[in-house]
Amino acid sequence: MSDLDSKYARAISVVRDHLLDGVPLFLGYSGGKDSTVALCLALEGLRQARDAHAPLPALTVLSTDTGIDNPAVAAYRNRMLAQLRRHAARHGLDVRIVVPRPSLSDSWVVSVIGGRGLPTFPESSSRDCSVSLKVVPARRALATAAAAWRAECATRARTAVGGAFFRLHDMADHPHPPVIILGTRFDESARRAVNMTTRGDRARQISVNADGDHTLPLIADFDTDDVWTYLALASSKPDAAYPGFAPDFAETVRIYRDAAGGECVIVADARGVKKGGGCGARHGCALCTAVDQDRSMSAMLTMPGHRYMQPLNALREYLIATRFDWTRQRWTPRRVTPEAVVDGALVLQPSAYGAAEVESLLRYALTIDALERDRAEVAGEPPRFQIVTAEQLILIDFMWARYGLHRPFHALAIYREVCIEGRRFPVPTIETPAPKTPIPNRRVAIDHGQATAMPGLSDPLVAALAFEGGSDAIADRAPRFEVNAEAIGFLLDYDLDRLLDLYHDGGFAPGAAVGWYLRSGIVATSGRGIADTDSMMRHAQWLESEIGVNHVPAAAPLPRDVAA
């Protein structure tokens, strides 16, 4: 047996043995070459364990959708997941595919265009985007799936007999912590090798990281040639040299070749052709601003089949070119609490886009979506991406009102402008990017008592007019901000003009939209979320009335400035 075959065999046997021991295994699948090889090996381990005819944990595949993935890569990944489903069904393998997504309020679109915060830029001290868009959704999905598996074991044990009863009962009452199979390799890069060594990773051995996660780096000692060799010879066909879940993996090779501008993938790997930083993903998010240049996207755009993504890249380039233009951002406090006020002053910094900029960004994003729908219609195919969903549009509108950025339902007015009236707002090209300058800050005098005395959600006029005499009660509440998808269609199709005529053009304060959304049940949140919204609105109302933070460009002088 060759060294290569020995590595494959050891990886398969490790998966088989853990499953036979009742260890629930989860595998993070990105569609990349490494996670694809790890998945093939894990599936073969599951097949061999199944032949022992003992109750086994399922193999759960987690494939995160950030909402702003490179559309070509996302489409490829979805096709591979469809192949996986067919393969599992054909061979009777208990494979469960879970696609974690960020919560609506944590999505990139709501966070950035909704005015909550800025994108992650190359200079950012942390990669918060990776945490909110990938890590948190995956952790949530893993915890949910692990709990569901324990409950399933308990249910199945009630009707099981003999050894199966005791095995299921033990897996329900004394579960092994879920183990995450990783496709990380020491050979990937020097930085990856350092990170893996620091974590204590060892090939095919379970370790516990600093966050308490149990991980199994299944192919940690594979080199790049091992990976490409496996993919070249793997197949779901019975006579394949190595087991796979697809007839071949030519499409995996193709997506890497496209990201290298058509260059041989092995040569590109040897030269380290990647996205260029950020979270380390070769094929990053389409709107990734954690790197100055997205080399994989740039390479793909040279190929006719991927040029439909050009508008997405134009928006990314715009964000990168304007990141030091403080006039596009607004003064925001990190916190607005009595404890954050020191010597009667509050520190403000530009940490979110200003009212005019979020308005522009929404126009650009909706225009890009409209152009993609037009392109798809001519091509006779479904649109290949959508930046802003209907649910995100509603929550953006809610957030703008929450922060006091615009008149009530202003995001819906822009939607009507672009999607109904047909106006288009192409992303401008920034010929000369704003030069890098220090982040400005201000200390402003604040009276916390005056801030808490602002109306917040308590708007008597809105309460009197709510639903033209209907209930003033806040609707059912959800754990996080959620949007009633069924109600959106009626709002946009039948109630939009009336809503804009009454509120947007009727002289109401921004907060009127917040109360309307909560009372109608279109937006729901927890009691804590409502309390936080009320507190945030009070301080936003005070900061705007006293200082004008929403409409004074960052770096400009502010009323109530005090010495730093």
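This briefing describes the fold, core, aromatic pairs and charged contacts of one protein chain.

The structure is a predicted model. The chain has 564 residues, of which 51% count as buried, and its secondary structure consists of 20 helices and 14 strands. Among contacts with a sequence separation of 6 or more, 74% are between residues 24 or more positions apart. The exposed area of the chain is about 24,500 Å², and carbon and sulfur atoms supply 54% of this area.

**Nonpolar core**

- In soluble globular proteins, nonpolar side chains tend to be buried together.
- The largest nonpolar core in this model holds 127 residues. The members that touch the most others are Leu41, Phe245, Leu362, Ile387, Leu412 and Tyr517.
- Helix 2, residues 33-50, gives the most to this core, contributing nine residues.
- Beyond residues up to four places away in sequence, Leu41 touches Tyr8, Ala11 and Ile12, and also Leu218, Ile219, Phe222 and Tyr230.

**Helix 8 and its N-terminal cap**

- Helix 8 spans residues 224-233, and its buried residues include Thr224, Asp226, Val227, Trp228, Tyr230 and Leu231.
- Tyr230, one of these buried residues, is also among the contacts of Leu41.
- The N-terminal end of helix 8 is capped by Asp223, which places a side-chain oxygen 3.1 Å from the backbone nitrogen of Asp225.

**Surroundings of Ile368**

- Ile368 belongs to helix 13, which covers residues 355-379.
- With a relative accessible area of 3%, Ile368 is buried, because buried means under 20%.
- Apart from neighbours within four places in sequence, Ile368 is in contact with Pro311, Leu312, Leu315, Phe385, Ile387 and Val427.
- Of these partners, Ile387 lies 19 residues from Ile368 along the chain, and the two C-alpha atoms are separated by 7.9 Å. Ile387 is also one of the core members that touch the most others.

**Aromatic pairs**

- A pair of aromatic rings is described by the distance of the centres and the angle of the planes.
- The model contains 19 aromatic pairs. In one of them, the ring centres of Tyr503 and Phe508 are 4.9 Å apart and the planes meet at 50 degrees, so the pair is tilted.
- Both residues of this pair are buried: Tyr503 has a relative accessible area of 1%, and Phe508 has a relative accessibility of 12%.
- Tyr503 and Phe508 also belong to a cluster linked by ring pairs, together with Phe398, Phe409, Phe481, Trp516 and Tyr517. Tyr517 is, in addition, among the core members that touch the most others.

**Salt bridges**

- Side chains of opposite charge can pair when their charged atoms come close.
- The whole structure contains 40 salt bridges.
- One of them joins Glu251 and Arg79, with an N to O distance of 2.3 Å. This pair links distant parts of the chain, as Glu251 is in helix 9 (residues 250-259) and Arg79 is in helix 3 (residues 71-91), 172 residues apart.
- Glu251 is partly exposed at 21% relative accessibility, and Arg79 is partly exposed with a relative accessible area of 42%.
- Arg316 and Glu317 form a salt bridge with an N to O distance of 2.9 Å. Arg316 is buried, with a relative accessible area of 0%, whereas Glu317 is partly exposed at 34%.
- The side chains of Arg384 and Glu381 also meet in a salt bridge, at 2.9 Å from N to O. Arg384 is partly exposed at 37%, and Glu381 is partly exposed at 25%.
- A network of salt bridges links Lys33, Asp34, Arg185 and Asp187.

**Surroundings of Asp294**

- Asp294 is located in the loop between helix 10 (265-271) and helix 11 (295-300).
- Asp294 counts as buried, with a relative accessibility of 2%.
- The side chains of Asp294 and Ser296 are joined by a polar contact of 3.0 Å.
- Asp294 and Glu317 are 23 residues apart in sequence, and their C-alpha atoms are 9.4 Å apart in space. Glu317 is the residue that meets Arg316 in a salt bridge.

Conventions: Residues numbered from 1 in each chain as written. Predicted model: local features only at pLDDT ≥ 70, side-chain atom pairs only at ≥ 80, totals over all residues. Heavy atoms only, no water. Salt bridge = Lys/Arg side-chain N within 4 Å of Asp/Glu carboxyl O. Helix = DSSP H or I, 4+ residues; strand = E, 2+ residues; numbered from the N terminus. Buried < 20%, exposed > 50% of the residue type's maximum accessible area, 1.4 Å probe, protein only. Polar contact = N/O pair within 3.5 Å; in protein donor to acceptor, adjacent residues only side chain to side chain. Core = buried A, V, L, I, M, F, W, Y, C linked by side-chain atoms within 4.5 Å. Contact = heavy atoms within 4.5 Å. Areas by Shrake-Rupley, 256 points an atom, 1.4 Å probe, with all protein chains shown as cover. Phe/Tyr/Trp six-rings, centres within 6.5 Å; stacked < 30°, edge-to-face > 60°.
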